[in-house]
Amino acid sequence: MKNFYYIIKNALIVSLIAVTVVACRKDDYNDVVEERVSGGKTADSSSRTVLVYMAAENSLNDYAYNNIAEMMAGIEAVSHLTGKNNIIVYLDPAKADSSDPVAGNVPRLIHITTDNNGKARKDILKYYEESDSSSPEVMRSVIYEVCNKFPAEQYGLILWSHGMGWAPYEDDLMNYWIYGSQTSAQISYGLQNPLYDDGLPMTKAFGQDGNNWMTNQDMVDAIPSNLFDFIIFDACFMGSVEVLYELRDKADYFISSVAEILAEGFPYLYIMDLLLTPGNNYQEICEAYFEFYANHDKGGSYRSATVSLVQSSELENLAFAVRNVVQADRDRAVNVDLSSVQRYDRYNNKIIYDLGDYIEKISASAEYEVFTSALDRAVLYKAHTTSFLNFTINTHSGLSVYIPAPDYEQYITPYYIQLPWYDAVWR
């Protein structure tokens, strides 16, 4: 195995548990959630429940256990915040851990809390049958179960796994994207993937459970609308405008990265107080993430990070502003010099570009002014290191975008035109 930073959390939509894992249906856990999504108040205004959905039946297994250990270490310093504020972890591991060897690799629901003496505890609330955590039915059941067992005024969701933004997994697409042709690679499906081998990533869509992955639509189906105050993507490439636009009614705020996230993930040791403190502290979570990596004690490539805070209510206006630019000159929009636009992926055929940099290069001054105003309202905070692993970041708008250039017409764009963002901007 390479140095840990080569094992990256790639992400597009969150890990989930299979229907067989949860015996209950949505109707079994609907009281609190239905009240919340319809606009009602559910609990004390100073309470928050955060669900960490860990789809770790993949190469990130060990990092999942590490992150849970960090949560336990971090919670002791803020034991006064536990009680009506809760951190609940849904973990679907690839293999057993020494801290819970009897359970093996079955999914489980964990309450990270403290005892009366302020010492961290890991209470196993439930073991499930083996299941597919990339199933939208399973994920939705877990969400309903947690929110009803731990009612709160604020709900947060952390989606933890590999991810790849909006891109689905198809052999031809990924071979073309990663290696430069549709047939040149042999994609293997073992739990050791996706890993970086000589700088080339092997990756698929979001939320890996063995050989199964989640799509954007799966995530839309899994996450109830109007329930979560915030969603954090602890997975790669989820700062995609296409992803967040499709999920715009799933949370008020999104925290994500336009580029990869190193395998260490979010610094849970240092953000437990923020996660357990109700209120609008989302920028502080972003700042803690950025500072952790910008000043990483190992230096070098470990100091690689992008992070942004996006307000979902402004994504419709942003789409309208981008549409104005694109429709003003579609030929210019698709034939931009791709090499001149800031990119965030390290694949052979790069498809993840900076939204702000792209629009600046293809818009007239009046159109660009409208766009930047809309972007500023949507992206409330953004930060980036000047370099990221093996490439330089010259500009960072806080959101990434795909450019449907002619070179990608055959292999990638056919998937892209199915997205709601494409409908809103290009049709």
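A residue is called buried here when its relative accessible area is under 20%, exposed when it is over 50%, and partly exposed in between. Keep that cut-off in mind as you go round this predicted model.

**Stop 1: the whole chain.** Start with everything shown as a cartoon. You should find 14 helices and 17 strands. Of the 427 residues in the protein, 62% are buried. The accessible surface is about 15,500 Å², and carbon and sulfur atoms hold 45% of it. Taking contacts with a separation of 6 or more, 76% join residues 24 or more positions apart.

**Stop 2: the sheet.** Next, colour the strands. Nine of them make an open sheet with mixed pairing, and its order reads 5-4-3-2-6-9-10-12-14. At its edges are strand 5 (120-127) and strand 14 (379-384), each paired on one side only. On average, neighbours in this sheet are turned by 15 degrees against each other, direction ignored. As a reminder, strands of a sheet pair through backbone hydrogen bonds, either parallel or antiparallel.

**Stop 3: strand 3.** Select residues 86-93. How many residues of strand 3 are buried? The count is 8 of the 8, so strand 3 is largely enclosed by the rest of the structure. Turn on the side chains: Asn86, Ile88, Tyr90 and Asp92 point one way, while Ile87, Val89, Leu91 and Pro93 point the other way. In a regular strand, side chains alternate between the two faces of the sheet. Now add residues 48-56, which are strand 2; strands 2 and 3 pair in the parallel sense over 8 bridges. To find your place in this pairing, look for Thr49 opposite Asn86.

**Stop 4: strands 6 and 9.** Move along to residues 154-160 (strand 6) and 228-234 (strand 9), which are joined by 5 bridges in the parallel sense. Ile158 faces Ile232 of strand 9 here. Stay on strand 9 and pick Asp229. Is Asp229 buried or exposed? Its relative accessibility is 10%, under the 20% limit, so Asp229 counts as buried. Leaving aside residues up to four places away in sequence, Asp229 touches Arg36, Glu153, Gln154, Tyr155, Ala251, Asp252, Tyr253 and Tyr282. Showing those eight as sticks gives you the surroundings of Asp229.

**Stop 5: two backbone oddities.** Most residues other than glycine have a negative phi. Asn226 has a positive phi of about 65 degrees although it is not a glycine. You will find Asn226 in the loop between helix 5 (216-222) and strand 9. With a relative accessibility of 49%, Asn226 is partly exposed. Then jump to Leu389, another residue other than glycine with a positive phi, in this case near 50 degrees. Leu389 sits in the loop between strand 15 (387-388) and strand 16 (391-392). Leu389 has a relative accessible area of 15% and is therefore buried.

**Stop 6: a helix pair.** Finish with residues 315-328 (helix 9) and 355-362 (helix 11). Two packed helices are described by the angle between their axes and the distance between the axes. For helix 9 and helix 11 the angle is about 35 degrees and the axes are 10 Å apart. The crossing is left-handed. Which residues meet at this contact? Select Leu318, Val322 and Val325 in helix 9, then Leu355, Ile359 and Ile362 in helix 11. The residues of this contact are 6 nonpolar, with no polar and no charged ones.

Conventions:
Residues numbered from 1 in each chain as written. Predicted model: local features only at pLDDT ≥ 70, side-chain atom pairs only at ≥ 80, totals over all residues. Heavy atoms only, no water. Axes fitted to C-alpha atoms, helices over the stretch in contact; angles between N-to-C directions. Helix = DSSP H or I, 4+ residues; strand = E, 2+ residues; numbered from the N terminus. Left-handed = near helix turned anticlockwise from the far one by under 90°. Contact = heavy atoms within 4.5 Å. Nonpolar A, V, L, I, M, F, W, Y, C, P; charged D, E, K, R; others polar. Pairing = 2+ DSSP bridges. Buried < 20%, exposed > 50% of the residue type's maximum accessible area, 1.4 Å probe, protein only. Areas by Shrake-Rupley, 256 points an atom, 1.4 Å probe, with all protein chains shown as cover.
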